[in-house]
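Fancy a guided walk through a protein model? Take a look at the sequence and structure below, then try the exercises.

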Amino acid sequence: MKEYKVVGHSVRRLDAVEKATGTAGFTSDMKLPGMLYAKVLRSPHAHARILSIDTSEAEKLPGVKAVATHKNTPRELFNTSATMTFTVPPMVPVLDQYIFDNVVRYVGDEVAAVAAASEKIAEAALKLIKVEYELLPTVFDPLEAMAPEAPVIHESHKKNIPGGEVIQIPYGDAEKGFAESDLVIEKTFKVPVQKQAQMETQAAVAQVGLDGKMTVWSTTQTPHPTKMILAKIFSIPESKIRVLNPPYIGGGFGVRIGLSAKAEPIAAALSMLAKKPVKIVYTRKEDFIASDTRHAGYVTVKLGAKKDGTFHGFYVKAILNAGAYCSFSCETPGVLGCMALAVYRIPNQLYYGHSVYTNTTPSGAMRGFGNPQAMYPIESVVDMMAEKLGMDPLELRLKNIMKVGDPWALPYKCSSTGLAECIEKGARSIGWEKRGSLNQPGAKKLRGIGVGVGTHCSNAWPWCGDYDNAYVTVQQDGSLHLATGVPDMGTGTSTSLPQLVAEVMGVGLDKVSITFADTASTPFTIGSHASRTLYAAGTAVVAATKDARKQVLEYAADLLKVPPERLELQDSVVYIAGQAVGADCSGTPVCQPGESERKSISLKELAYTAHLRNKQFIGIGRIVPENAPPWHAHFAEVEVDTELCQVRVIKVAAVHDVGKAIHPMIVEGQIEGGVVMGIGYALSEEIKYDEKGKQLETGFHKYMLATSDDIPEIDVQIVESNDPTGPFGAKGVGETGLVPTAAAIANAVYNATGIRFTEIPLTEERVYRALQENRK
């Protein structure tokens, strides 16, 4: 395997000093001259019509500069997600929200907002707003919301299905496959609401100038699409809107793909009314109840197999809870289905799925985007099949997993896979051979080992529009500047993308700077989502750098009087291939003594020479990325305390095929973080609702996030299959760390207890009830 000078090395992150010293800029840190502070009045009801709203007393309060309601803000329908900017025909974006509406559809829905001289004044003003509501019928479960007698959440969607969008993916003949199978297993699973719980809550600062130009600093993961959404809402040309991060985001995990829970349009509407900059920062409670969550719902898996273990028929049905508004509820069921059908080589398959409106917090994008909801049920059923067949679960998986070149249901090729190697390495790490002999008779603490595998995508194309652009400019001093529209939300984008530039151009990383996540200074990109940033944006960055390098070598060829193909560029020096080049004591490259003709020139000298002759090298990358499947196998060892009814994870072995690890430490960190989120998904994290639709978990004091005490030994191992479509062979990794984790843990709990759980998280209460039922 080729060794690189910059790529594949865990260099010091370029944002390390800023973040370590606390000088990195985030939206919640923003301050502008004359800036006002905003607060939002939210609905106490799950479904109601606003009969009247009186803001007069709030407006009289000293320090209040603007009050916004459905009466004085634009009545343009939109979708908070980036959907409307890259939905491809024949699909049509579902536009079902206003900034404020006269109907509220969940507890926490926006009713009004106030901009004042301080947060304290704004909060006081909210209490002075008088609202009269007419309560409407409610429904909270997606299956109940599909009943003919269920209340209609949106009049334009009579069946409570966003856009009427039902996803069906047929591949072969599923019914024929089941009829020809020797054994068929079918099971329905219930998956919970999970929250992203990112460090920085939703936030935005908006400034509308006297010329009508709008600048918005925000926590969005997608600055360019957010600009397009704001242009639609306010009927302003996109050329008059600038959206940027300042420059960092305090975590994302999908909750900011598009608008940050309407923080941007609320701040902008108030800025227009007050004619001053306005800042809004959500409380943690607001973030919990009024920003998108992971989709809960029901997933049914039916698997048919031959006696020798060959999978022959497969059916997956998913009914997901969209919540009160669509957000990504058309796309998520589709990704769930595509990933569900992509792991195993099965000739007869069918997926059927959709989302359903309910009077709960909107569901949207969260790390994994439907895939964890698929793999927990699927991998549970695969283990059930292995038991029925009397086969080792690993043997059954290895027999049926997808291989390069195999036909499958996805609209792109299976161009690479290291899944078999992932399984084999993970099994060695966890000690799979001891799986049947972990417990003594009568033990109160039972141990078990389980496995879960899966795949994912590296961007959203070809399901959704997904393209990228980048600029790479050679500065007059020979350094390089990269301009890319993707944010850095803690994933190391601002380091890994410059690594690509440095490697392609043949310079040190210290010679590369970056501008990112600013629509005024970067070319269009969809943004950071779908595990695409390094893969897709990186492909554009490589293309732009190759373009700049080509220009440099062509220019140098004229100076050195040789064809461009004879030139090399390494360590910031252009030289004739095969000719020795030395350096003086200052490090400046020079010809070796005795040479009469010049055989090299430093990039610094070349760039300045070009500058004096009215030329600069600017590389442009314009790409529509392909797609590549990352693969992963997680193994979990757990301990189930049958007296305390607690599940504790002892160890997780997480082995991932990442194509090529551009920055291994960043890759390992992403996987470790994903594993911890997967542990929370499996064991403790869940938002529940009372009978009136009020969220019972509204902050970290109630929502059981996995903490440092819950984190087990995590053995991350990287497999590099070097995908031919990715930059230097890389694939996406951002979401993959939690896709199979819950499956591995649930299978390990079954191995320990003999109890198959069809609902997560595995809380003490659920474990207690299952143990009691098992004893009966």
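Here come some exercises, each with a worked solution, on a model that is predicted.

**Exercise 1. Work out the strand order of the 7-strand open sheet, and find its edges.**

Solution.
- Step 1: Go across the sheet strand by strand, and you get the order 3-5-1-12-9-10-11, with mixed pairing.
- Step 2: Look for strands that pair on one side only; these are strand 3 and strand 11 (241–244), the edge strands.
- Step 3: Check how the sheet turns as you cross it: from one strand to the next, the twist averages 20°.
- Step 4: Add the helices. Helix 4 (residues 119–126) packs on the sheet and touches strand 1 (36–42), strand 3 and strand 5, with its direction at about 30° to that of strand 1. Helix 8 (residues 263–274) also packs on the sheet, touching strand 1, strand 3, strand 5, strand 9, strand 10 and strand 12. The direction of helix 8 makes about 30° with that of strand 9.

**Exercise 2. Stay with that sheet and describe strand 9 (residues 203–208) and its partners.**

Solution.
- Step 1: Start with the cover. Of the 6 residues in strand 9, 5 are buried, so the strand counts as mostly covered, where buried means under 20% relative accessible area.
- Step 2: Take one partner, strand 12 (residues 278–281). It runs antiparallel to strand 9, and 4 bridges join the two. Ala 204 stands opposite Ile 280 of strand 12.
- Step 3: Now take strand 10 (residues 214–218), which pairs with strand 9 in the antiparallel sense over 5 bridges. Here Gln 207 faces Thr 215 in strand 10.
- Step 4: Follow the chain from strand 9 into strand 10: they form a hairpin with 5 residues between them. In the turn, Gly 212 has a positive phi of about 85°.

**Exercise 3. Do the like for strand 3 (residues 64–68): how many of its residues are buried, and which strand is joined to it by bridges?**

Solution.
- Step 1: Strand 3 is mostly covered, with 4 of its 5 residues buried.
- Step 2: Strand 5 (residues 110–116) runs antiparallel to strand 3 and is joined to it by 4 bridges.
- Step 3: For a landmark, find Val 67; its bridge partner in strand 5 is Val 114.

**Exercise 4. Move to the open sheet of 4 strands and say why one side of each edge strand lacks a neighbour.**

Solution.
- Step 1: Read off the order, 19-18-17-25, with mixed pairing.
- Step 2: At the edges stand strand 19 (512–516) and strand 25 (618–623); each has a single partner strand, so one side of each has no neighbour in the sheet.
- Step 3: Note the twist, which averages 15° from one strand to the next.
- Step 4: Zoom in on strand 18 (residues 480–484) and strand 19, which pair in the parallel sense over 5 bridges. Leu 480 stands opposite Val 512 in strand 19.
- Step 5: Finish with helix 15 (residues 533–560), which lies across strand 17 (468–474), strand 18 and strand 25, running at about 145° to strand 25.

**Exercise 5. Describe how helix 11 (residues 371–389) meets helix 18 (residues 741–753).**

Solution.
- Step 1: Two packed helices are described by the angle between their axes and the distance between the axes.
- Step 2: For helix 11 and helix 18, the axes come within 8 Å and cross at roughly 35°. The crossing is right-handed.
- Step 3: Find the residues that make the contact. Helix 11 brings Met 375, Tyr 376, Glu 379, Ser 380, Asp 383 and Glu 387, while helix 18 brings Ala 742, Ala 743, Ala 746, Asn 747 and Tyr 750.
- Step 4: Sort them by class: 6 nonpolar, 2 polar and 3 charged residues.

**Exercise 6. Which kind of aromatic pair do Phe 311 and Tyr 344 make?**

Solution.
- Step 1: A search of the whole structure turns up 14 aromatic pairs.
- Step 2: For Phe 311 and Tyr 344, the ring centres are 5.4 Å apart and the planes stand at 75°, so this pair is edge-to-face, since planes over 60 degrees apart count that way.
- Step 3: Place the two residues. Phe 311 is in strand 14 (residues 311–323), and Tyr 344 is in the loop between helix 10 (331–340) and strand 15 (349–357), 33 residues apart.
- Step 4: Check the cover: both Phe 311 and Tyr 344 are buried, and Phe 311 has a relative accessible area of 1%.

Terms used:
Residues numbered from 1 in each chain as written. Predicted model: local features only at pLDDT ≥ 70, side-chain atom pairs only at ≥ 80, totals over all residues. Heavy atoms only, no water. Axes fitted to C-alpha atoms, helices over the stretch in contact; angles between N-to-C directions. Left-handed = near helix turned anticlockwise from the far one by under 90°. Contact = heavy atoms within 4.5 Å. Nonpolar A, V, L, I, M, F, W, Y, C, P; charged D, E, K, R; others polar. Pairing = 2+ DSSP bridges. Phe/Tyr/Trp six-rings, centres within 6.5 Å; stacked < 30°, edge-to-face > 60°. Buried < 20%, exposed > 50% of the residue type's maximum accessible area, 1.4 Å probe, protein only.
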